[in-house]
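Let us take a walk through this structure together, one stop at a time. Keep the sequence and the 3D view open as you read.

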Amino acid sequence: MSQRPSLDEIGRKHRTDKSSGQHGYLGFYEAHFAAQRDEPIRLLEIGVFNGASLKTWEEYFPRARIVGVDINPSCKQFESERVAIEVGDQSNIEDITRVAVKYGPFDVVIEDGSHLWEHQITSLRTLFPFVKENGYYAVEDLQTNFGPMQEKYRGIASVSCMDFLKRWLDLKVADDTIELGEIEDAFLRTYGRAVHFMSFYRRACLLRKSHAGARTRTQKTVALAPGLPNARSLPVNLLVHVGLRGDVVGSHGVVDLGSDAYTFQGLAVDCENSAVEYRVRFPDQSWSEWAHGGAFAGTRGRSLALTGFCARFREGADAHYALRAFGRFVGREAIVEAADGEDCVSPAGEPLRGVQIDLSRRAG
């Protein structure tokens with residue numbers, strides 16, 4: 001059986017400037033992407049140009065859904081069965097958010113657009129939240145941030161994309177010696193340590209997303225419900241993404257930081273036998289999909305404060321367990337209690353700022 005061509009060989013065939021004949025990115029990418037070659041991944045590329053790189057991705061990833069974004073409508077000619085082309089301006093947050101909502105979340109995002117500094121930074125800020133856990137984000141052509149190329153690509157930016165990445169790198173390397181709550185930049189405050197790694201290469205940077213590194217210490221908080229948890233309560237691991245704080249892991253299924261300033265933007269619940277599934281309500285009163293087994297429901301980095309949640313048993317689990325959920329909402333002293341499958345929401349749609357989930361085993 002003949003060996004399949006490498007990513008660089010495919011790139012040279014299609015004459016993309018990412019191949020070893022020019023920028024040389026593809027050998028670097030393959031070292032990271034090879035394990036996903038036969039997976040049904042979603043890949044987004046900003047910047048279509050002559051379609052050469054999209055053809056490269058299409059051939060290398062035979063099961064992938066590929067999306068290209070370009071400001072030039074003529075790029076629609078490069079659409080195919082597995083390749084979609086969206087016309088949009090990468091400097092326009094609404095344009096690229098629309099594409100991300102339509103096709104995301106993504107396993108891989110490649111930014112190869114105008115190379116203007118503010119466009120590189122805007123795309124990174126907007127699209128990184130739409131990268132899956134363990135997914136990749138690449139910023140190409142960072143040489144435009146240096147030397148004689150600065151005059152052409154600076155635009156209106158006050159800092160280069162490389163300067164922005166270096167600030168991010170400081171937060172990753174420094175770990176908890178820098179308090180994220182003191183960082184003015186909301187994006188860096190949210191994602192400051194939310195990467196496995198930031199790998200710099202000739203003219204490019206590749207980031208692999210991970211929220212594990214962004215979690216704070218386990219918070220010892222006071223239970224919302226008197227008498228719970230008790231001796232019958234089972235362990236519930238509760239992770240909440242909290243505005244101004246990042247990811248917070250609560251002890252005994254409780255997270256409440258004691259202030260209306262800390263609203264919740266998403267959560268994950270892990271418990272015995274994955275008996276419980278859950279969903280969250282957004283500000284427009286729409287609901288997320290049901291999640292279970294520690295999967296994340298909600299958003300990170302998009303400042304969408306939750307207005308409620310719902311927890312219920314998965315099929316058959318109610319015969320073995322009892323479930324009670326509690327919510328605290330901004331501006332309200334009263335705790336809202338909900339049973340299995342009941343919505344835990346405030347009467348007037350106030351943001352959620354405290355959660356407790358109590359799971360116990362039924363007697364007998």
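Phenylalanine 49 sits in the loop between strand E1 (42–46) and helix H3 (52–60). This is a predicted model, and in it the phi of phenylalanine 49 is near 55°, a positive value in a residue other than glycine. Most residues other than glycine have a negative phi, and most peptide bonds are trans. Is phenylalanine 49 buried or exposed? With a relative accessible area of 68%, phenylalanine 49 is exposed, because the cut-off for that word is over 50%.

Aspartate 141 also has a positive phi, of about 60°, although it is not a glycine. You will find aspartate 141 in the loop between strand E5 (131–139) and helix H6 (150–153). Here the relative accessible area is 3%, so aspartate 141 is buried.

Now for the peptide bonds. Glycine 104 and proline 105 are joined by a cis peptide bond, with omega about 0°. Proline 105 belongs to the loop between helix H4 (93–103) and E4. Another cis peptide bond links leucine 228 to proline 229, and its omega is about -5°. Look for proline 229 in the loop between strand E7 (204–209) and strand E8 (236–242).

Strand E4 itself covers residues 106–111, and glutamate 111 lies in it. Which side chain of opposite charge is nearest to glutamate 111? That is lysine 18, 9.0 Å away; glutamate 111 is buried yet has no salt bridge. A salt bridge would need a side-chain nitrogen of Lys or Arg within 4 Å of a carboxyl oxygen of Asp or Glu. What the side chain of glutamate 111 does reach is the backbone nitrogen of glycine 113, at 3.0 Å. Leaving aside residues up to four places away in sequence, glutamate 111 touches Ile46, Gln90, Gln120, Ser123, Tyr137, Ala138, Val139 and Glu140.

Two of those contacts, Gln120 and Ser123, bring us to helix H5, where both are buried. Helix H5 spans residues 117–127, and 10 of its 11 residues are buried, so this helix is largely enclosed by the rest of the structure. Among the buried residues of H5 are also Trp117, His119, Ile121 and Leu124.

Let us turn to the sheets. Strands of a sheet pair through backbone hydrogen bonds, either parallel or antiparallel. One open sheet has 4 strands in the order E13-E12-E15-E18, with antiparallel pairing. Its edge strands are E13 and strand E18 (343–345), each of which pairs on one side only.

Strand E12 (residues 276–281) is mostly covered, with 5 of its 6 residues buried. How many bridges pair E12 with strand E15 (residues 308–313)? There are 6 bridges, and the two strands pair in the antiparallel sense. Along this pairing, valine 280 stands opposite phenylalanine 309 in E15, while the bridge partner of tyrosine 278 in E15 is alanine 311. E12 also pairs with strand E13 (residues 291–292), again in the antiparallel sense, over 2 bridges. There, tyrosine 278 stands opposite alanine 291 in E13. Tyrosine 278 therefore offers a handy landmark, because it has a bridge partner in E15 and stands opposite a residue of E13.

Another open sheet of 4 strands has the order E10-E19-E16-E17, and its pairing is antiparallel. Strand E10 (254–256) and strand E17 (336–339) stand at the edges with a single partner strand each, so one side of each is left without a neighbour in the sheet. From one strand to the next, the twist averages 15°. E10 is joined to strand E19 (residues 352–361) by 3 bridges, and these two strands run antiparallel. Aspartate 256 stands opposite glycine 354 in E19.

Our last stop is threonine 263, in the loop between E10 and strand E11 (264–271). Is threonine 263 buried or exposed? Its relative accessibility is 17%, and buried means under 20%, so threonine 263 counts as buried. Not counting residues up to four places away in sequence, threonine 263 touches His241, Val242, Gly243, Ala305, Val330, Pro351 and Leu352. Of these, Leu352 takes us back to strand E19, which covers residues 352–361.

Definitions and conventions. Residues numbered from 1 in each chain as written. Predicted model: local features only at pLDDT ≥ 70, side-chain atom pairs only at ≥ 80, totals over all residues. Heavy atoms only, no water. Buried < 20%, exposed > 50% of the residue type's maximum accessible area, 1.4 Å probe, protein only. Lys, Arg positive; Asp, Glu negative; His and termini not counted. Polar contact = N/O pair within 3.5 Å; in protein donor to acceptor, adjacent residues only side chain to side chain. Contact = heavy atoms within 4.5 Å. Axes fitted to C-alpha atoms, helices over the stretch in contact; angles between N-to-C directions.
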